[in-house]
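Got your viewer open? Here is a short tour, one selection at a time.

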Amino acid sequence: MEKKQVLQCVVLFVCISASWIRVESLGNGLGLTPQMGWNSWNHFGCNINEKLIRQTADALVSSGLANVGYKYINIDDCWANYNRDKWGNLHGNDATFPSGIKALADYVHSKGLKFGIYSSAGTRTCSGRMPGSLGYEKQDAKTFASWGVDYLKYDNCNTDGSAEKQRFPVMTQALRASGRNIFYSMCEWGYQEPAKWGAEVGNSWRTTTDIKDTWSSMLFNIDINDGYAKYARPGGWNDPDMLEVGNGGMSYNEYVAHFSLWAISKAPLIIGCDVINLNKEAHSILANKEVIAINQDSLGVQANKVKKYGDLEVWAGPLSGGRKVVLLLNRGNQGTKLITFNWADVGNPPNSAATLRDVWLHYTYKKTIRHKLTVKVAPHSCRLFVLQPV
(Lines give C-alpha, C1' and ligand atoms only; values in the text may rest on other atoms or scores of the structure.)
Protein backbone atom coordinates (compact mmCIF):
# COMPACT_ATOMS: atom_id res chain seq x y z
CA MET A 1 0.00 0.00 0.00
CA GLU A 2 1.35 3.42 -0.87
CA LYS A 3 2.35 5.81 1.93
CA LYS A 4 -0.42 8.23 0.93
CA GLN A 5 -3.03 5.48 1.23
CA VAL A 6 -1.63 4.38 4.59
CA LEU A 7 -1.77 7.96 5.83
CA GLN A 8 -5.35 8.33 4.66
CA CYS A 9 -6.33 5.13 6.46
CA VAL A 10 -4.64 6.29 9.66
CA VAL A 11 -6.38 9.67 9.48
CA LEU A 12 -9.72 7.95 8.84
CA PHE A 13 -9.18 5.62 11.79
CA VAL A 14 -8.26 8.51 14.08
CA CYS A 15 -11.33 10.49 12.98
CA ILE A 16 -13.63 7.53 13.54
CA SER A 17 -12.05 6.86 16.93
CA ALA A 18 -12.33 10.53 17.92
CA SER A 19 -15.96 10.57 16.83
CA TRP A 20 -16.67 7.53 18.98
CA ILE A 21 -14.97 9.17 21.94
CA ARG A 22 -17.07 12.29 21.51
CA VAL A 23 -20.29 10.30 21.33
CA GLU A 24 -19.39 8.54 24.56
CA SER A 25 -17.87 11.66 26.18
CA LEU A 26 -20.93 12.66 28.22
CA GLY A 27 -21.64 9.15 29.51
CA ASN A 28 -23.19 10.33 32.77
CA GLY A 29 -25.97 7.71 32.87
CA LEU A 30 -28.64 10.37 33.41
CA GLY A 31 -31.81 10.98 31.44
CA LEU A 32 -32.54 7.38 30.53
CA THR A 33 -36.13 8.59 30.42
CA PRO A 34 -37.13 12.23 29.84
CA GLN A 35 -36.58 14.43 32.89
CA MET A 36 -39.57 15.48 34.99
CA GLY A 37 -39.75 18.37 37.41
CA TRP A 38 -40.54 22.07 37.83
CA ASN A 39 -38.90 25.29 36.63
CA SER A 40 -39.48 28.82 37.90
CA TRP A 41 -39.31 30.82 34.66
CA ASN A 42 -42.62 30.41 32.82
CA HIS A 43 -44.74 31.63 35.72
CA PHE A 44 -42.44 33.66 37.97
CA GLY A 45 -39.70 35.01 35.70
CA CYS A 46 -37.25 36.93 37.88
CA ASN A 47 -39.69 37.19 40.80
CA ILE A 48 -38.13 34.35 42.77
CA ASN A 49 -36.69 33.93 46.24
CA GLU A 50 -35.68 31.12 48.56
CA LYS A 51 -39.06 31.05 50.34
CA LEU A 52 -40.86 30.47 47.04
CA ILE A 53 -38.51 27.65 46.06
CA ARG A 54 -38.89 25.95 49.45
CA GLN A 55 -42.68 26.24 49.27
CA THR A 56 -42.62 24.83 45.75
CA ALA A 57 -40.62 21.84 46.90
CA ASP A 58 -43.12 21.32 49.71
CA ALA A 59 -46.05 21.58 47.27
CA LEU A 60 -44.51 19.18 44.76
CA VAL A 61 -44.42 16.58 47.53
CA SER A 62 -47.75 17.33 49.26
CA SER A 63 -49.66 17.43 45.95
CA GLY A 64 -48.46 13.96 45.01
CA LEU A 65 -46.67 15.24 41.91
CA ALA A 66 -43.31 14.06 43.22
CA ASN A 67 -44.75 10.57 43.64
CA VAL A 68 -45.70 10.36 39.95
CA GLY A 69 -42.21 11.34 38.79
CA TYR A 70 -41.62 15.09 39.08
CA LYS A 71 -38.30 15.15 40.90
CA TYR A 72 -36.36 18.24 39.82
CA ILE A 73 -36.84 21.68 41.41
CA ASN A 74 -35.06 23.99 38.97
CA ILE A 75 -34.29 27.66 39.60
CA ASP A 76 -34.10 29.63 36.37
CA ASP A 77 -32.57 33.07 35.77
CA CYS A 78 -32.02 35.83 38.39
CA TRP A 79 -30.86 33.74 41.34
CA ALA A 80 -27.35 35.23 41.66
CA ASN A 81 -25.78 38.54 42.61
CA TYR A 82 -25.23 41.00 39.77
CA ASN A 83 -21.45 40.49 39.86
CA ARG A 84 -19.04 37.72 40.83
CA ASP A 85 -16.97 38.11 43.98
CA LYS A 86 -13.32 39.17 43.84
CA TRP A 87 -12.28 35.54 43.30
CA GLY A 88 -14.63 35.17 40.38
CA ASN A 89 -17.20 33.02 42.19
CA LEU A 90 -20.98 33.13 41.82
CA HIS A 91 -23.16 33.63 44.88
CA GLY A 92 -26.88 33.54 45.51
CA ASN A 93 -28.51 36.97 45.48
CA ASP A 94 -28.01 38.46 48.94
CA ALA A 95 -31.52 39.91 49.04
CA THR A 96 -33.57 37.02 47.65
CA PHE A 97 -31.45 33.99 48.57
CA PRO A 98 -29.83 35.14 51.84
CA SER A 99 -29.32 31.61 53.16
CA GLY A 100 -27.25 30.70 50.12
CA ILE A 101 -27.79 28.20 47.33
CA LYS A 102 -26.24 25.25 49.15
CA ALA A 103 -28.71 25.58 52.01
CA LEU A 104 -31.56 25.70 49.51
CA ALA A 105 -30.25 22.64 47.68
CA ASP A 106 -29.98 20.82 51.00
CA TYR A 107 -33.61 21.64 51.77
CA VAL A 108 -34.77 20.37 48.37
CA HIS A 109 -32.77 17.18 48.86
CA SER A 110 -34.32 16.71 52.31
CA LYS A 111 -37.68 16.42 50.54
CA GLY A 112 -36.42 13.56 48.41
CA LEU A 113 -36.14 15.85 45.37
CA LYS A 114 -33.30 16.99 43.13
CA PHE A 115 -32.06 20.55 42.72
CA GLY A 116 -31.41 22.38 39.46
CA ILE A 117 -29.84 25.71 38.60
CA TYR A 118 -29.41 27.99 35.58
CA SER A 119 -26.64 29.75 33.71
CA SER A 120 -25.83 30.87 30.16
CA ALA A 121 -23.07 30.24 27.64
CA GLY A 122 -22.47 33.99 27.54
CA THR A 123 -21.00 36.79 29.61
CA ARG A 124 -24.39 37.42 31.22
CA THR A 125 -27.64 35.50 31.44
CA CYS A 126 -30.74 36.36 29.42
CA SER A 127 -32.13 38.71 32.07
CA GLY A 128 -28.84 40.60 32.20
CA ARG A 129 -29.16 40.55 35.98
CA MET A 130 -26.44 38.01 36.73
CA PRO A 131 -23.19 36.76 35.18
CA GLY A 132 -23.12 33.99 32.63
CA SER A 133 -20.57 31.19 32.65
CA LEU A 134 -18.66 31.93 29.44
CA GLY A 135 -14.98 31.77 30.37
CA TYR A 136 -15.85 30.52 33.87
CA GLU A 137 -17.17 27.08 32.95
CA LYS A 138 -14.81 25.02 35.13
CA GLN A 139 -15.09 27.36 38.09
CA ASP A 140 -18.88 27.50 37.93
CA ALA A 141 -19.27 23.76 37.44
CA LYS A 142 -17.17 23.14 40.56
CA THR A 143 -19.25 25.70 42.45
CA PHE A 144 -22.47 24.03 41.35
CA ALA A 145 -21.12 20.63 42.38
CA SER A 146 -20.07 21.95 45.80
CA TRP A 147 -23.63 23.20 46.35
CA GLY A 148 -25.13 19.82 45.49
CA VAL A 149 -26.65 20.84 42.16
CA ASP A 150 -28.18 17.95 40.19
CA TYR A 151 -29.29 19.75 37.01
CA LEU A 152 -28.02 22.63 34.90
CA LYS A 153 -30.15 24.51 32.39
CA TYR A 154 -27.64 26.30 30.16
CA ASP A 155 -28.98 29.19 28.09
CA ASN A 156 -27.63 31.03 25.04
CA CYS A 157 -27.70 34.78 25.73
CA ASN A 158 -25.05 37.52 25.60
CA THR A 159 -22.53 35.39 23.75
CA ASP A 160 -19.17 36.30 22.28
CA GLY A 161 -20.38 35.46 18.78
CA SER A 162 -18.77 32.04 18.66
CA ALA A 163 -20.80 29.04 17.53
CA GLU A 164 -23.00 27.07 19.89
CA LYS A 165 -21.15 23.92 18.86
CA GLN A 166 -18.04 25.53 20.29
CA ARG A 167 -19.41 26.97 23.53
CA PHE A 168 -21.78 24.30 24.84
CA PRO A 169 -19.30 21.39 24.85
CA VAL A 170 -16.97 23.42 27.09
CA MET A 171 -19.54 23.14 29.85
CA THR A 172 -19.92 19.42 29.12
CA GLN A 173 -16.28 18.87 29.99
CA ALA A 174 -16.50 21.21 32.97
CA LEU A 175 -19.42 19.25 34.40
CA ARG A 176 -17.57 15.98 33.88
CA ALA A 177 -14.61 17.34 35.81
CA SER A 178 -16.75 18.82 38.61
CA GLY A 179 -16.87 15.66 40.71
CA ARG A 180 -20.67 15.47 40.64
CA ASN A 181 -23.04 13.86 38.14
CA ILE A 182 -25.15 16.77 36.84
CA PHE A 183 -27.94 16.55 34.26
CA TYR A 184 -27.09 18.91 31.37
CA SER A 185 -30.07 20.65 29.73
CA MET A 186 -28.91 22.67 26.72
CA CYS A 187 -31.08 25.70 25.96
CA GLU A 188 -29.56 26.50 22.55
CA TRP A 189 -32.97 27.36 20.98
CA GLY A 190 -32.38 25.08 18.00
CA TYR A 191 -30.16 27.57 16.20
CA GLN A 192 -27.56 25.03 15.11
CA GLU A 193 -29.95 22.06 15.17
CA PRO A 194 -28.56 20.59 18.40
CA ALA A 195 -30.68 17.46 17.92
CA LYS A 196 -28.09 16.41 15.35
CA TRP A 197 -25.12 16.77 17.69
CA GLY A 198 -26.59 17.11 21.17
CA ALA A 199 -26.19 13.47 22.20
CA GLU A 200 -22.44 14.07 22.27
CA VAL A 201 -22.84 17.06 24.57
CA GLY A 202 -25.95 17.06 26.78
CA ASN A 203 -28.86 15.08 28.18
CA SER A 204 -31.48 17.22 26.43
CA TRP A 205 -31.44 20.05 23.94
CA ARG A 206 -33.94 22.73 23.06
CA THR A 207 -35.17 22.38 19.50
CA THR A 208 -37.22 25.58 19.54
CA THR A 209 -37.53 29.17 20.69
CA ASP A 210 -39.35 29.93 23.96
CA ILE A 211 -42.90 28.67 24.30
CA LYS A 212 -45.79 31.01 25.08
CA ASP A 213 -49.00 30.08 26.87
CA THR A 214 -51.08 29.95 23.67
CA TRP A 215 -52.44 27.23 21.41
CA SER A 216 -50.56 28.55 18.39
CA SER A 217 -47.19 28.80 20.17
CA MET A 218 -47.55 25.31 21.60
CA LEU A 219 -48.31 23.83 18.18
CA PHE A 220 -45.51 25.83 16.55
CA ASN A 221 -42.97 24.36 18.96
CA ILE A 222 -44.17 20.76 18.74
CA ASP A 223 -44.21 20.92 14.92
CA ILE A 224 -40.55 21.98 14.88
CA ASN A 225 -39.66 19.38 17.48
CA ASP A 226 -41.35 16.67 15.42
CA GLY A 227 -38.81 17.14 12.65
CA TYR A 228 -36.07 15.81 14.92
CA ALA A 229 -37.88 12.72 16.24
CA LYS A 230 -35.27 10.25 15.05
CA TYR A 231 -32.56 11.85 17.18
CA ALA A 232 -34.26 11.30 20.55
CA ARG A 233 -33.00 8.38 22.59
CA PRO A 234 -32.43 7.29 26.19
CA GLY A 235 -29.88 9.69 27.62
CA GLY A 236 -30.66 12.50 25.15
CA TRP A 237 -34.04 14.10 24.41
CA ASN A 238 -35.52 16.73 22.12
CA ASP A 239 -36.89 19.62 24.18
CA PRO A 240 -39.70 21.84 22.76
CA ASP A 241 -39.58 23.90 26.00
CA MET A 242 -41.35 23.69 29.31
CA LEU A 243 -45.01 22.97 30.01
CA GLU A 244 -47.54 25.79 30.23
CA VAL A 245 -50.27 23.65 31.82
CA GLY A 246 -51.82 25.58 34.73
CA ASN A 247 -50.77 29.08 33.67
CA GLY A 248 -54.25 29.98 32.38
CA GLY A 249 -53.63 30.93 28.77
CA MET A 250 -55.25 27.84 27.24
CA SER A 251 -58.44 25.87 27.82
CA TYR A 252 -58.63 22.50 29.55
CA ASN A 253 -58.82 20.63 26.23
CA GLU A 254 -55.89 22.60 24.84
CA TYR A 255 -53.78 21.79 27.89
CA VAL A 256 -54.70 18.11 27.56
CA ALA A 257 -53.46 18.23 23.96
CA HIS A 258 -50.33 20.11 25.04
CA PHE A 259 -49.47 17.55 27.72
CA SER A 260 -50.32 14.63 25.43
CA LEU A 261 -48.13 15.89 22.60
CA TRP A 262 -45.19 16.44 24.97
CA ALA A 263 -45.70 13.00 26.48
CA ILE A 264 -45.72 11.04 23.21
CA SER A 265 -42.80 13.13 21.91
CA LYS A 266 -40.67 12.00 24.86
CA ALA A 267 -40.18 15.66 25.71
CA PRO A 268 -39.05 16.70 29.17
CA LEU A 269 -42.06 17.16 31.44
CA ILE A 270 -41.00 20.30 33.26
CA ILE A 271 -43.92 22.04 34.97
CA GLY A 272 -43.92 25.79 34.41
CA CYS A 273 -46.81 26.96 36.60
CA ASP A 274 -47.36 27.84 40.26
CA VAL A 275 -47.71 24.44 41.91
CA ILE A 276 -48.30 26.05 45.31
CA ASN A 277 -51.69 27.26 44.06
CA LEU A 278 -52.35 24.58 41.46
CA ASN A 279 -56.00 24.16 40.48
CA LYS A 280 -57.68 20.75 40.27
CA GLU A 281 -57.95 20.71 36.47
CA ALA A 282 -54.25 21.39 35.97
CA HIS A 283 -53.35 18.84 38.64
CA SER A 284 -55.48 16.19 36.95
CA ILE A 285 -53.59 16.75 33.71
CA LEU A 286 -50.09 16.84 35.18
CA ALA A 287 -50.72 13.82 37.43
CA ASN A 288 -52.19 11.46 34.81
CA LYS A 289 -50.12 8.35 35.44
CA GLU A 290 -51.08 6.67 32.17
CA VAL A 291 -49.93 9.62 30.08
CA ILE A 292 -46.76 9.94 32.13
CA ALA A 293 -46.09 6.23 31.56
CA ILE A 294 -46.12 6.85 27.80
CA ASN A 295 -43.52 9.58 28.23
CA GLN A 296 -41.38 7.45 30.54
CA ASP A 297 -41.67 4.25 28.51
CA SER A 298 -38.43 2.29 28.57
CA LEU A 299 -38.24 1.92 24.79
CA GLY A 300 -37.51 5.64 24.54
CA VAL A 301 -38.75 6.20 20.97
CA GLN A 302 -40.30 9.57 20.13
CA ALA A 303 -43.67 9.36 18.38
CA ASN A 304 -44.17 11.56 15.35
CA LYS A 305 -46.79 12.90 12.95
CA VAL A 306 -47.67 10.13 10.48
CA LYS A 307 -50.73 11.55 8.73
CA LYS A 308 -52.23 14.98 8.12
CA TYR A 309 -55.25 16.19 6.21
CA GLY A 310 -56.10 19.82 6.77
CA ASP A 311 -56.36 20.52 10.50
CA LEU A 312 -56.64 16.82 11.35
CA GLU A 313 -53.58 14.79 12.27
CA VAL A 314 -52.51 11.32 13.36
CA TRP A 315 -49.42 10.95 15.53
CA ALA A 316 -48.05 7.53 16.43
CA GLY A 317 -45.06 5.68 17.79
CA PRO A 318 -43.92 2.39 19.33
CA LEU A 319 -43.93 1.55 23.02
CA SER A 320 -42.36 -1.32 24.90
CA GLY A 321 -44.03 -4.73 24.74
CA GLY A 322 -45.09 -4.30 21.11
CA ARG A 323 -47.65 -1.63 22.02
CA LYS A 324 -48.33 1.56 20.03
CA VAL A 325 -49.36 5.03 21.12
CA VAL A 326 -51.76 6.90 18.83
CA LEU A 327 -52.79 10.53 19.19
CA LEU A 328 -55.56 12.06 17.07
CA LEU A 329 -55.39 15.85 16.93
CA ASN A 330 -57.97 18.37 15.73
CA ARG A 331 -56.11 21.66 15.33
CA GLY A 332 -59.15 23.41 13.87
CA ASN A 333 -61.28 26.08 15.52
CA GLN A 334 -64.77 24.88 14.64
CA GLY A 335 -66.72 21.66 14.85
CA THR A 336 -66.07 18.13 16.03
CA LYS A 337 -64.41 16.12 13.27
CA LEU A 338 -63.96 12.44 12.44
CA ILE A 339 -60.34 11.29 12.34
CA THR A 340 -59.44 7.87 10.96
CA PHE A 341 -56.20 5.99 11.41
CA ASN A 342 -55.35 2.79 9.55
CA TRP A 343 -53.07 0.01 10.69
CA ALA A 344 -50.54 1.10 8.05
CA ASP A 345 -50.46 4.59 9.60
CA VAL A 346 -49.32 3.27 12.96
CA GLY A 347 -47.17 0.35 11.83
CA ASN A 348 -49.43 -2.54 12.82
CA PRO A 349 -49.44 -5.74 10.73
CA PRO A 350 -52.41 -5.63 8.31
CA ASN A 351 -54.41 -8.55 9.74
CA SER A 352 -53.58 -8.06 13.39
CA ALA A 353 -55.97 -7.18 16.21
CA ALA A 354 -55.47 -4.92 19.19
CA THR A 355 -57.20 -3.72 22.32
CA LEU A 356 -57.75 0.03 22.64
CA ARG A 357 -57.09 1.96 25.83
CA ASP A 358 -58.17 5.62 26.14
CA VAL A 359 -55.64 7.00 28.62
CA TRP A 360 -57.61 10.17 29.41
CA LEU A 361 -60.90 8.37 30.00
CA HIS A 362 -59.03 5.49 31.68
CA TYR A 363 -61.17 3.08 29.71
CA THR A 364 -60.37 -0.05 27.72
CA TYR A 365 -62.83 -0.77 24.91
CA LYS A 366 -64.40 -4.22 25.18
CA LYS A 367 -64.12 -5.08 21.50
CA THR A 368 -60.78 -5.58 19.81
CA ILE A 369 -60.17 -3.53 16.68
CA ARG A 370 -58.72 -4.45 13.32
CA HIS A 371 -57.50 -2.57 10.25
CA LYS A 372 -58.60 0.97 11.24
CA LEU A 373 -60.51 3.14 13.68
CA THR A 374 -62.52 6.35 13.28
CA VAL A 375 -62.97 8.64 16.28
CA LYS A 376 -64.71 11.97 16.92
CA VAL A 377 -62.36 14.74 18.07
CA ALA A 378 -63.52 18.16 19.27
CA PRO A 379 -61.83 21.38 18.05
CA HIS A 380 -58.52 22.27 19.73
CA SER A 381 -58.52 18.80 21.26
CA CYS A 382 -56.97 15.37 20.99
CA ARG A 383 -57.73 11.73 21.77
CA LEU A 384 -54.91 9.58 23.09
CA PHE A 385 -54.84 5.78 22.88
CA VAL A 386 -52.55 2.88 23.61
CA LEU A 387 -52.91 -0.13 21.32
CA GLN A 388 -52.07 -3.52 22.82
CA PRO A 389 -51.62 -6.37 20.32
CA VAL A 390 -53.67 -9.50 21.00
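We'll go from an enclosed space to some aromatic rings, and then to charges that sit over rings. Keep in mind that this is a predicted model.

**Stop one: the cavity.** Searching the whole structure turns up 1 cavity of 30 Å³ or more. The space inside is about 100 Å³. To find it, select Tyr-151, Lys-153, Ser-185, Asp-239 and Met-242, which are the closest to its centre among the 13 lining residues. Now colour the lining by class: you should get 5 nonpolar, 4 polar and 4 charged residues.

**Stop two: an aromatic cluster.** Stay on Tyr-151, one of the residues closest to the cavity centre, and add Tyr-72 and Phe-183. Those three make up one aromatic cluster.

**Stop three: an aromatic pair.** There are 14 aromatic pairs in the model. Pick Trp-189 and Tyr-191: how are their rings arranged, and how far apart are the centres? The pair is edge-to-face, with 5.2 Å from centre to centre and 75° between the planes. An angle over 60 degrees is what counts as edge-to-face, so these two qualify. Next, switch on a surface. Is Trp-189 buried or exposed? Trp-189 is buried, at 17% relative accessible area, while its partner Tyr-191 is exposed, at 54%.

**Stop four: charges over rings.** Select Arg-54 with Tyr-107. The charged end of Arg-54 sits over the Tyr-107 ring, 4.7 Å from the ring centre. Finish with Arg-124 and Tyr-82, where the arginine lies over the face of the tyrosine, 4.0 Å from the centre of the ring.

Conventions
Residues numbered from 1 in each chain as written. Predicted model: local features only at pLDDT ≥ 70, side-chain atom pairs only at ≥ 80, totals over all residues. Heavy atoms only, no water. 1 Å grid on protein atoms, 1.4 Å probe; cavity = no way out; pocket = protein on both sides within 12 Å on 5 of 7 lines; lining within 4 Å. Points joined across faces, edges and corners; volume = space filled by probe spheres on them. Nonpolar A, V, L, I, M, F, W, Y, C, P; charged D, E, K, R; others polar. Phe/Tyr/Trp six-rings, centres within 6.5 Å; stacked < 30°, edge-to-face > 60°. Buried < 20%, exposed > 50% of the residue type's maximum accessible area, 1.4 Å probe, protein only. Lys NZ or Arg CZ within 6 Å of the ring centre and 35° of its normal.
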